[in-house]
Amino acid sequence: MTLAGGSRLTKNFARAVKRAKTAPSAAALLAWYDRNRREFPWRAQAGRRMEPYKVWLSEIMLQQTRVETVERYFVRFVARFPAVQALASARLGEVLKLWAGLGYYARARNLHACSREVVARFGGKFPSDEQALRTLPGIGVYTSAAIAAIAFDRKATPVDGNIERVISRLFAVETPLPKAKPELFAHASRLTPAARPGDFAQAMMDLGATVCTPKRPDCPRCPFVFSCEAYRQGMAESFPRRIAKAEGKLRRGAAFFVQRTDGAVLLRKRPLKGLLGGMTEVPGTEWASGFEISGSLIHAPLGVAWKKLPGRVRHIFTHFPLELTVYSATVPKGTPAPKGMRFVALNKLDSEALPTVMRKIVAHALDNQNR
DNA sequence: AACACGTGGAT
DNA sequence: TATCCAAGTGT
């Protein structure tokens with residue numbers, strides 16, 4: 001962190017901390033947690049047991065996804081599937097619809113598979129220990145520890161991105177991520193108390209989300225300020241060390257927006273595996289680097305008059321940027337959909353498993369086809 | 001071990 | 001506008 005403004009008060013505070021550095025204590029963190037309790041739809045009231053189903057569902061949704069984004073998805077999801085049995089008896093398509101827009105769609109496929117295994121192998125009750133949880137689809141090292149600690153009060157130490165940041169600062173860990181993971185886990189595990197391990201984990205994550213933030217951490221409000229080595233060095237913001245990933249190469253492609261005169265739009269389903277697996281899409285070409293627009297009409301789903309729309313649809317995936325040219329065509333009412341595709345009424349698009357990039361294509365086409 | 005896998009909010 | 005990156009898992 002920076003000593004904002006360099007005020008005398010702040011400098012004195014920093015000097016006082018240097019003199020008084022103490023060992024970090026879980027008790028201090030838990031006290032902070034109790035004073036700064038945050039309410040979430042999946043979080044029980046203080047002292048109440050959390051439902052394993054809700055803990056599991058929220059943990060899956062929260063993987064690589066911000067709390068503010070997850071909240072409304074979680075509420076909708078629980079309203080539709082109040083318990084693991086309801087989810088297990090649903091079709092995958094129904095689950096993907098509720099997941100559309102949330103990203104990382106393998107999570108939804110694994111969530112569905114996991115619900116069926118919990119019912120089939122564990123009688124509809126989540127197992128409480130990490131080893132057993134770890135055997136379920138979509139539940140990895142982090143999530144198994146999180147469920148064991150938060151739902152079952154087992155002494156387990158989940159380490160997510162927040163906790164990595166908190167710990168790397170607390171101990172000024174110079175090893176860059178992801179190599180530092182074992183070291184960070186060892187530190188976190190040593191700090192985990194036998195009492196309230198679930199609250200401890202949530203407290204660490206809340207601390208990372210609200211105080212020990214990536215940019216401009218609010219160190220004076222931190223219960224660990226007297227223990228933090230990075231702060232003592234005046235270097236909190238420079239942790240965790242990280243090795244930059246190579247950025248993905250631009251890919252291009254074309255999308256074919258077909259609308260019937262009654263308004264219905266032509267859609268199809270993507271293969272179950274891989275990018276946007278199992279989701280609905282607007283028909284299009286492959287996405288490739290070095291893509292040539294000139295030949296793309298060969299791949300069009302119908303032999304009709306195509307109009308190349310002005311502009312492009314741009315979308316950034318985690319591992320590559322995408323640039324799409326959109327072609328549009330209008331066909332008469334009653335035109336049957338080509339094999340493997342279907343026409344869907346425009347006002348029914350909301351209840352389709354359309355990922356964000358596909359919604360962008362539809363919006364771009366509707367904005368531009370009559371210009 | 002390294003890469004595939006989405007999206008949107010903050011700065 | 002560009003960049004970062006968030007409660008990771010599977011292969």
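A polar contact is a pair of N or O atoms within 3.5 Å; within protein, one must be able to donate a hydrogen and the other to accept it, and residues adjacent in sequence count only if both atoms are side-chain atoms. One such pair joins a polar backbone atom of Gly138 to a phosphate oxygen of DNA strand C, at 2.4 Å. This is a predicted model, where local features need pLDDT of at least 70, side-chain atom pairs count only at pLDDT 80 or more, and totals for chains, interfaces and linings use all residues. Residues are numbered from 1 along each chain as its sequence is written, chains are lettered from A and ligands numbered from 1 in the order in which they are written, and side-chain values use heavy atoms, with hydrogens and water left out.

**DNA strand C**

- DNA strand C is surrounded by 23 residues, each with a heavy atom within 4 Å of the strand.
- The closest are Gln64, Gly138, Thr143, Asp160 and Asn162.
- Sugar or phosphate supplies 67% of the strand C atoms within 4 Å of the protein, and bases supply the rest.
- A backbone N or O atom of Gly140 sits 2.8 Å from a phosphate oxygen of strand C.
- For Tyr142, a backbone N or O atom is 3.2 Å from a phosphate oxygen of strand C.
- α3 (52–62), α9 (141–152) and α10 (161–170) are the elements that give two or more residues to this surface. Helices (H or I, at least four residues) and strands (E, at least two) are DSSP runs, numbered from the N terminus.
- The surface near strand C has nine nonpolar, eight polar and six charged residues. Here Ala, Val, Leu, Ile, Met, Phe, Trp, Tyr, Cys and Pro count as nonpolar, Asp, Glu, Lys and Arg as charged, and the others, Gly among them, as polar.

**DNA strand B**

- Around DNA strand B there are 19 residues, and Tyr105, Leu276, His315, Thr318 and Thr356 come nearest.
- Of the strand B atoms within 4 Å of the protein, 60% are sugar or phosphate and the rest are bases.
- An N or O atom in the Arg66 side chain lies 3.5 Å from a base nitrogen of strand B.
- Leu276 places a backbone N or O atom 2.6 Å from a phosphate oxygen of strand B.
- At least two residues each come from β5 (313–316) and α14 (356–368).
- The classes are nine nonpolar, nine polar and one charged.

**Cysteines**

- The disulfide count is zero, where a disulfide is a pair of cysteine sulfur atoms within 2.5 Å.
- The Cys222 sulfur is too far for a bond, because the closest cysteine sulfur, in Cys212, is 6.0 Å away.
- Cys222 counts as buried at 13% relative accessibility. Buried means under 20% relative accessible area, exposed over 50%, partly exposed in between (1.4 Å probe, protein chains only).
- Cys114 is buried too, at 0%.
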